[in-house]
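Please walk me through this structure in the viewer, one selection at a time. For each stop, tell me what to pick and what is there.

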There are 2 protein chains.
Amino acid sequence: MDIKQYMQTVGRQARAASRRLASATTAEKNAALLQLAAAIRRDKAALLAANAEDLTAARANGLEPAMVDRLTLTDKGVDNMAEGVEQVAKLPDPIGEISDVKFRPSGIQVGKMRVPLGVIGIIYEARPNVTADAAALCLKSGNAAILRGGSEAIHCNRAIARLIQEALQYAGLPAEAVQVIDTTDRAAVGELITLREFVDVIVPRGGKGLIARLLAEARVPMIQHLDGNCHVYIDDEADPAKALKIVENAKTQRYGTCNTAESLLVARSVAAAQLPAIAAMLTGKGVEIRGCDETRALVPNAVPATEEDWATEYLAPIISVKVVAGIDEAIEHINRYSSKHTEAIVTDHHPKAMRFLREVDSASVMINASTRFADGFEYGLGAEIGISTDKIHARGPVGLEGLTSEKWIVLGDGHVRS
Amino acid sequence: MDIKQYMQTVGRQARAASRRLASATTAEKNAALLQLAAAIRRDKAALLAANAEDLTAARANGLEPAMVDRLTLTDKGVDNMAEGVEQVAKLPDPIGEISDVKFRPSGIQVGKMRVPLGVIGIIYEARPNVTADAAALCLKSGNAAILRGGSEAIHCNRAIARLIQEALQYAGLPAEAVQVIDTTDRAAVGELITLREFVDVIVPRGGKGLIARLLAEARVPMIQHLDGNCHVYIDDEADPAKALKIVENAKTQRYGTCNTAESLLVARSVAAAQLPAIAAMLTGKGVEIRGCDETRALVPNAVPATEEDWATEYLAPIISVKVVAGIDEAIEHINRYSSKHTEAIVTDHHPKAMRFLREVDSASVMINASTRFADGFEYGLGAEIGISTDKIHARGPVGLEGLTSEKWIVLGDGHVRS
């Protein structure tokens with residue numbers, strides 16, 4: 001197969017389908033989604049069989065256990081996949097929404113209309129559920145999708161792709177509205193991320209390695225999600241009970257999520273009073289503490305933190321802890337080391353809370369709340385295609401709206417410019 | 001000078017200044033802007049002298065007359081420059097605006113806060129007024145700016161840069177908040193557009209050649225503005241008087257602007273009734289008509305249009321004219337050939353007007369209004385840094401808001417995720 005030519009064809013078809021999809025009615029899009037969910041439930045056995053094929057190959061190829069785990073589709077996993085698609089069907093249709101229409105002195109009315117981006121390329125690793133999930137979000141937001149899943153999941157992805165085709169056909173929508181790349185050749189990714197003519201945005205869902213590669217090579221705009229080096233700052237005016245509760249939740253509720261806190265900053269004036277109890281709670285839960293010198297003086301079991309620790313997303317029961325002079329040093333430290341994902345201040349002092357909100361340059365900034373709330377569902381988006389740590393177009397959790405754009409509309413009645 | 005090292009220093013300084021600027025008060029930013037305007041008026045003679053130096057060099061180097069014209073700063077031009085800066089001072093400050101704060105079932109409140117993008121790189125050709133204009137827009141929107149003007153305007157740009165420095169200092173803001181690249185070495189542009197670490201977005205203001213080069217080489221997101229191949233479509237249900245008036249204004253009010261119509265589509269059922277009068281009006285104003293066969297049957301002085309004509313932005317008294325079957329063919333033609341800038345339909349038929357609005361994939365879509373309205377001032381943005389023909393982040397005229405982003409804010413009182 002000539003990969004370049006194959007991807008050109010896929011791109012051209014996606015662009016053509018996107019025109020039809022942009023004007024699809026809410027009813028058509030929902031019909032396709034509900035049919036897809038029904039087909040997933042109906043063909044559960046076939047999907048599990050396809051996944052078993054992938055798993056056999058993965059084990060034969062010596063894939064590491066964590067990857068095998070992510071690749072595994074369970075009976076419940078298939079149900080969740082169908083439910084996820086049904087949830088997207090229930091979300092309000094963002095497309096066609098008209099807002100802010102105002103008369104101008106010239107007599108024209110100017111406003112905005114929400115429209116799809118066009119064609120979205122999604123590149124992800126070996127998680128079969130992403131195929132259905134991403135297809136559903138793109139479809140509901142009126143975008144054509146080109147999906148490139150991890151090669152380890154190719155059998156399962158092909159099986160899901162067939163159901164998506166069936167659902168599109170059922171609803172009278174073009175089959176090319178969702179295309180699953182049917183080759184494991186890595187060159188396909190290289191082509192996809194440079195198809196400026198046919199692809200409007202790339203959404204990568206995967207590890208740092210994948211995203212670093214895409215960042216270096218992409219010629220198409222990306223909604224990128226780098227790591228989540230999230231901070232909690234305990235201010236001089238923090239309520240100790242709230243601080244303890246928030247650190248516990250932010251660090252220990254789940255270790256592997258991107259909105260988990262990886263670094264704790266504590267104002268010097270309250271460090272002696274609050275750090276020992278917090279450290280005891282963390283240690284009790286098996287969390288390793290890597291601290292600055294002042295932290296280690298207060299927390300004897302803390303190991304020394306290195307410069308590298310301040311910039312690290314552990315995704316593990318480890319936390320870096322630093323005593324700071326106050327809010328200025330906290331903001332400076334965060335803006336220097338954070339990955340611009342999510343940061344929280346614990347304080348009862350209104351002006352400092354407002355300064356933190358305004359001056360911390362991250363996608364989500366929180367007052368007296370756990371960083372774990374940074375999530376599309378918790379924010380009320382209903383679903384999420386990813387969390388952007390970028391500033392252009394979309395920041396933080398990206399839902400349906402992040403897959404859209406607004407164009408200007410002008411309503412006149414024979415108006416001309418003077 | 002080591003250009004790479006110089007640009008790294010400029011980038012690092014811009015990033016540092018952007019932190020201070022993000023928390024600058026409206027009063028501080030306006031003080032700097034008003035001081036800049038006053039200094040421009042005060043030093044008018046010096047600015048004109050610096051411009052004269054540039055003009056002498058330009059003529060000696062055989063710069064073409066159109067470029068010399070754009071480079072020329074007049075007495076009135078200096079006043080306009082100062083007025084432009086004063087107008088930006090009067091605009092509402094977009095930064096810090098909090099919106100959509102809602103309680104979620106978990107008890108947290110989630111909303112958005114408008115924040116600067118950070119560091120904006122502006123690359124433009126030899127128009128000295130852009131230096132003051134772009135500096136003002138970036139400053140007001142809380143962004144640090146790196147300005148790279150055409151080398152032909154270097155003396156004048158240096159003179160304006162000094163006044164900007166003075167104004168920043170006057171207002172207690174960091175001098176590095178606005179940096180004008182002080183070298184004519186083209187390698188500086190190559191560095192600027194790849195400084196991902198320090199530059200958040202590039203706004204190119206210039207011709208197609210400049211933008212094509214940037215598109216090929218940039219590693220930093222761009223708010224791009226390609227050409228304006230704008231269409232007017234006269235529908236079966238068009239009011240002939242409105243159609244004539246709109247075509248006249250859209251094509252002939254100004255020939256060199258990007259929102260000028262370059263192509264006219266006419267529904268077959270009304271072509272015989274309306275095209276001759278429209279053609280007579282255009283011919284009377286010296287506009288050359290390049291038409292399809294059907295057009296030429298109705299307009300004897302029309303020359304044949306080639307495939308290339310449909311895709312051409314003339315920026316001249318030339319228009320391409322095509323007779324189409326109706327709205328379907330019109331939309332298809334526009335989505336194929338337009339540069340996604342601005343398109344207008346003339347019709348009194350509501351469903352067709354709504355279809356045109358929804359299905360035409362351009363930054364501005366208009367009903368019964370001249371394409372010439374596509375402009376930041378006409379839309380009420382107060383000012384405009386450019387017109388985006390892209391879909392990501394900003395579409396159409398880009399004002400202060402287009403230079404900002406929204407981050408999520410979460411307000412809790414000890415809330416944790418369950």
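Select R70(A) to begin. In this predicted model, is R70(A) buried, exposed or partly exposed? There are 16 other C-beta atoms within 10 Å of R70(A), and because a residue needs 20 or more to count as buried and 12 or fewer to count as exposed, R70(A) is partly exposed. R70(A) belongs to helix α4 of chain A, which covers residues 65–71. Add R127(A) to the selection: 57 residues separate R70(A) and R127(A) in sequence, yet their C-alpha atoms are 5.8 Å apart. Once neighbours within four places in sequence are set aside, R70(A) is in contact with A126(A) and R127(A).

**Chain A as a whole**

Now select chain A. Its secondary structure amounts to 15 helices and 16 strands. The C-alpha trace spans about 70 × 65 × 35 Å along its principal axes. For 418 residues, a compact globule would have a radius of gyration near 22 Å, and the 24 Å of chain A agrees with that. Of those 418 residues, 54% count as buried. Among contacts in chain A with a separation of 6 or more, 72% come from residues 24 or more positions apart.

**A sheet that uses both chains**

Keep chain A on screen and add the strands of chain B. What is the strand order of the open sheet with 10 strands? It reads β10(A)-β9(A)-β11(A)-β8(A)-β7(A)-β12(A)-β13(A)-β16(B)-β2(B)-β1(B), with mixed pairing. β10 (303–304) of chain A and β1 (98–103) of chain B stand at the edges; each has a single partner strand, so one side of each is left without a neighbour in the sheet.

Within the chain A part, pick β8 (residues 261–267) and β11 (residues 318–324), which run parallel and are joined by five bridges. V266(A) has V323(A) as its bridge partner in β11(A). Then show helix α11 (residues 268–284) of chain A, which lies across β7 (230–234), β8, β9 (288–291) and β11 of chain A and runs at about 150° to β8(A).

For a pairing that crosses between chains, select β16 (residues 404–415) of chain A and β13(B): the two run parallel, joined by five bridges. Here L411(A) stands opposite I367(B) of β13(B).

**Helix α15 of chain A**

Next, select helix α15 (residues 350–359) of chain A. Which of its residues are buried? They are K352(A), A353(A), F356(A), L357(A) and E359(A). The cover over these buried residues includes α14 (327–337), β12 (342–346) and β13 (364–369) of chain A, together with α1, β2 and β16 of chain B.

**The contact between the chains**

Select both chains. The contact takes 57 residues from chain B and 57 residues from chain A. On the side of chain B that touches chain A, the elements giving two or more residues are α1 (3–22), β2 (109–116), α10 (240–252), α15 (350–359), β13 (364–369) and β16 (404–415) of chain B. β16(B) gives the most to this side, with 11 residues. Sorted by class, this side has 22 nonpolar, 18 polar and 17 charged residues.

To see how the copies are arranged, superpose chain B on chain A: a turn of 180° with a shift of 0.0 Å along the axis does it, at an RMSD of 0.0 Å. The two copies are thus related as by a two-fold rotation axis. In chain B, the C-alpha nearest the axis belongs to H393(B), 1.9 Å from it. The same surface serves both copies, as 98% of the contact residues of chain B recur in chain A.

**The parallel sheet of chain B**

For the last stop, select β5, β4, β3 and β6 of chain B. In that order these four strands form an open sheet with parallel pairing. β5 (178–180) and β6 (201–205) of chain B are at the edges, each with a single partner strand, so one side of each is left without a neighbour in the sheet. The twist from one strand to the next averages 15°.

Zoom in on β3 (residues 119–124) of chain B and β6(B), which run parallel and share five bridges. The bridge partner of I122(B) in β6(B) is V203(B).

Finally, add two helices. α1(B) lies across β3, β4 (144–148) and β5 of chain B, at about 145° to β4(B). Helix α9 (residues 208–217) of chain B lies across β3 and β6 of chain B, at about 160° to β6(B).

Technical notes:
Residues numbered from 1 in each chain as written. Chains lettered and ligands numbered in written order. Predicted model: local features only at pLDDT ≥ 70, side-chain atom pairs only at ≥ 80, totals over all residues. Least-squares fit on C-alpha atoms with pLDDT ≥ 70 in both. Contact = placed C-beta atoms within 7 Å. Nonpolar A, V, L, I, M, F, W, Y, C, P; charged D, E, K, R; others polar. Pairing = 2+ DSSP bridges. Axes fitted to C-alpha atoms, helices over the stretch in contact; angles between N-to-C directions. Rg over C-alpha atoms; globule rule 2.2 N^0.38 Å.
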